[in-house]
Every structure is written in structure tokens, then in C-alpha cells.
Amino acid sequence: MAPKMLKYGEFDVWRIKGNPDLSLLSRDELERFHAMRGENTRQIFSLSRSAIHKIGDFYKVQEISEKCIHVHPGGKPFFVNNPNLHFSLSHTEEELAIAFSCTPVGFDLEKKGRRSREWASLARRFFSTEEAAKVEAAAGDMERCFLEFWTGKEAILKLDGSGISGGLERARVWSDSEGSMGERRVYLHRINWPAHIAHVASFEKISSVRLRELILE
Ligand SMILES: CC(C)(COP(=O)(O)OP(=O)(O)OC[C@H]1O[C@@H](n2cnc3c(N)ncnc32)[C@H](O)[C@@H]1OP(=O)(O)O)[C@@H](O)C(=O)NCCC(=O)NCCS
């Protein structure tokens, strides 16, 4: 793969497959990895960090020291010395995906086909009155409608960096392509991922979203 730079408005969403490469992790990350409990947690952490380092190389984040990743107090990971390369990750039981952009980005992915039939009551609990009404009106397609709102909101909360503590009611999905975080306008792009629904969120206009795949050997 020839290295490239992301242009303003361009978003790459990488589907990650394969196995972690611990040699790509920094000393701090390795310490965190070894201190982690639970095989699944370790696997997701090591695979996602391996992928972020590898993809950082692809976007010409060349110096190891520059690729250093820190985590904001709210939980958002970021490249310490690369203000022009942003990423956001999401995982489910089957998928790990990471969105990259040269401006702040939020990304969320959720699996379809859950057993719950409680979409309307979940929507009433977590969403605004208008959003919950749209879920109820979707009748036979409530799960899709619910997950479209859910992934949109989570992508917005990750874009903002506040996560769930940012206040679910402040993250609003107005349409397929627009939302807001508090008073601030947000642009959205929905991806119909195999067996999943995903959203990219950005404070800047989204001109293209490209799907890419990284298989770590
Ligand atoms: C981050 C959050 C928004 C979503 O997490 P999630 O859907 O459970 O899990 P995902 O796999 O999609 O995302 C986890 C990743 O998000 C990133 N993340 C965590 N906190 C974040 C934050 N404040 N801002 C941006 N990204 C964040 C991390 O990279 C994390 O992976 P890592 O810990 O392995 O690095 C979390 O704040 C949360 O608490 N969610 C609760 C679910 C909920 O109630 N959602 C309601 C939506 S209507």
C-alpha cells in the first residue's frame, strides 16, 4: 500500500481482521496489555492498538515517538503529536473498525439481529420524544430505526469526546446526514455494514467515506 494523506472532508473506515502484533505497541501499551484481565479485553486492545499504529504509518505518522497514543480523561484515545490525524474506534463481538480523518471524528458500529423486542421502550428511555416516536412508527423495522439513532448518537458522543457523560439528550440525530451536539452542528454518514449499522460523525462536512480493510498477519 502506498502511503497517503487524508484530505479535508475525507474519511477512511478500516475494517480490521487478523491477529495483534505486539511488537507495534509502545512500552506503556504493553504494560497496560499485561495488566489487563480477560482474554477478550486483551485481544481487542492489542488488535486495535496494533491496527492504529500500522494505519498511522500508512498516513505517514512515521516517528515512533510521534505515534504515541494517549487517552483523554473521558476515554477518547488520540495521537499526542499529530493534531492532523484523528481516529475513532468501535467493536462488536465480530467486528473491529476504526475511522480516520484529518479532523475530529466519531464512529460507532452496532450489530443487528438482537433478540430484544423492546425497541420502543428502550427508545423512550434513551431518546428524545420525537426520536422515540420515529422508532415506534417504524413498526416492523424498529430495530433498524433504533440502531440508526443509537449509532448516530454514540458517534456524536465519541466525536465530542465526552462519551456517555456528555449527556445522551445533547447528542441529537436530525436526519441521515445531520445531527447536533448541544448547539453545535454535526454531519453524519451512515454505513450499512454487513450485519451491522454504523455511523461516522464530524463537525466538518463529509465529502467521502471510503471503506478499507487491514488484515494483520
Ligand atoms: C464510548 C461510548 C460512547 C461507547 O462505547 P461502546 O459502544 O460501549 O463501545 P465501542 O466499541 O463502540 O467503543 C469503545 C471505544 O470508544 C472509544 N472511546 C471511549 N470513550 C470515548 C470518548 N469519551 N470519546 C471518544 N471515544 C471514546 C475507545 O477507543 C473505546 O475503545 P478502547 O477502550 O478499546 O480504546 C461510551 O461512552 C459508553 O459509555 N457507552 C454506553 C452505551 C450507551 O448508553 N449508549 C447510548 C447511545 S443512545
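Colleague: Let's start small. Which residue does S90 stand opposite in β5?

Modeller: S90 faces A97 there. Keep in mind that this is a predicted model.

Colleague: Noted. How do β4 and β5 run, parallel or antiparallel?

Modeller: Antiparallel, with six bridges joining β4 to β5.

Colleague: And what sheet do they sit in, in what order?

Modeller: An open sheet of four strands, ordered β4-β5-β1-β11, with mixed pairing. The edge strands are β4 and β11 (208-216), and each of them pairs on one side only. From one strand to the next, the twist averages 20°.

Colleague: What packs on that sheet?

Modeller: Helix α2 does, touching β1, β4, β5 and β11. The direction of α2 makes about 30° with that of β5.

Colleague: You said mixed pairing. Which way do β1 and β11 run, parallel or antiparallel?

Modeller: Parallel, and nine bridges join β1 to β11. As an example, W14 stands opposite R212 in β11. β1 and β5, on the other hand, pair in the antiparallel sense over five bridges.

Colleague: Where does R15 find its bridge partner in β5?

Modeller: At A97. That is the residue S90 stands opposite, too.

Colleague: OK, switching to the ligand. Which residues come nearest to it?

Modeller: There are 23 residues around the ligand, and G75, K76, S90, G163 and I164 come nearest. So S90 turns up again.

Colleague: Which helices and strands feed that shell?

Modeller: α2 (39-58), β4 (86-91) and α5 (142-160) each supply at least two residues. The largest share is from α5, with five residues.

Colleague: What's the shell like by class?

Modeller: Nine nonpolar, nine polar and five charged residues.

Colleague: Which domains does the shell draw on?

Modeller: Domain 1 (10-108 + 208-216) and domain 2 (110-202), with at least three residues from each.

Colleague: How far apart are the centres of those domains?

Modeller: 23 Å, taken over C-alpha atoms.

Colleague: And how many residues are in contact across the two?

Modeller: 21 residues of domain 1 are in contact with 21 residues of domain 2. On the domain 1 side, β1 (10-18), β5 (96-101) and β6 each supply at least two residues. β6 gives the most, with four. By class, that side has eight nonpolar, eight polar and five charged residues.

Colleague: β6 is new to me. Which sheet has it, and in what order?

Modeller: An open sheet of five strands, ordered β6-β10-β9-β8-β7, with antiparallel pairing. β6 (105-111) and β7 (171-173) are at the edges with a single partner strand each, so one side of each is left without a neighbour in the sheet. Neighbouring strands are turned by 25° against each other on average, ignoring direction.

Colleague: How many bridges join β7 to β8?

Modeller: Three, and the two strands run antiparallel. In β8, which covers residues 178-181, S180 is the bridge partner of R172.

Colleague: Which helix packs on this one?

Modeller: α5, touching β6, β7, β8, β9 (184-191) and β10 (196-202). Its direction makes about 150° with that of β6. α5 is also the helix with the largest share of the ligand shell.

Colleague: Busy helix. At what angle does α4 pack with it?

Modeller: Helix α4 (residues 129-137) and α5 pack at about 155°, with their axes 8 Å apart. That makes α4 roughly antiparallel to α5. On the α4 side the contact is made by E131, K134 and V135, and on the α5 side by M142, C145, F146 and F149.

Colleague: What classes do those fall into?

Modeller: Five nonpolar, no polar and two charged residues.

Colleague: Last one. At what angle do α3 and α4 pack?

Modeller: About 170°, with the axes of α3 (residues 119-126) and α4 8 Å apart. That makes α3 roughly antiparallel to α4.

Colleague: Which residues meet there?

Modeller: W119, A120, A123 and R124 in α3 meet E131, A132, V135 and E136 in α4. By class they divide into five nonpolar, no polar and three charged. E131 and V135 also take part in the contact with α5.

Key: Residues are numbered from 1 along each chain as its sequence is written. This is a predicted model: local features need pLDDT of at least 70, side-chain atom pairs count only at pLDDT 80 or more; totals for chains, interfaces and linings use all residues. A residue is near a molecule or strand if its C-beta atom, placed from the backbone, lies within 6 Å of it. Ala, Val, Leu, Ile, Met, Phe, Trp, Tyr, Cys and Pro count as nonpolar, Asp, Glu, Lys and Arg as charged, and the others, Gly among them, as polar. Domain bounds come from an automatic or database domain assignment. Axes are lines fitted to C-alpha atoms, for helices over the stretch in contact, and angles run from 0 to 180 degrees between N-to-C directions. Angles under 35 degrees count as roughly parallel, over 145 as roughly antiparallel, 65 to 115 as roughly perpendicular and the rest as oblique. Two residues are in contact if their C-beta atoms, placed from the backbone, lie within 7 Å. Two strands pair if DSSP finds at least two bridges between them.
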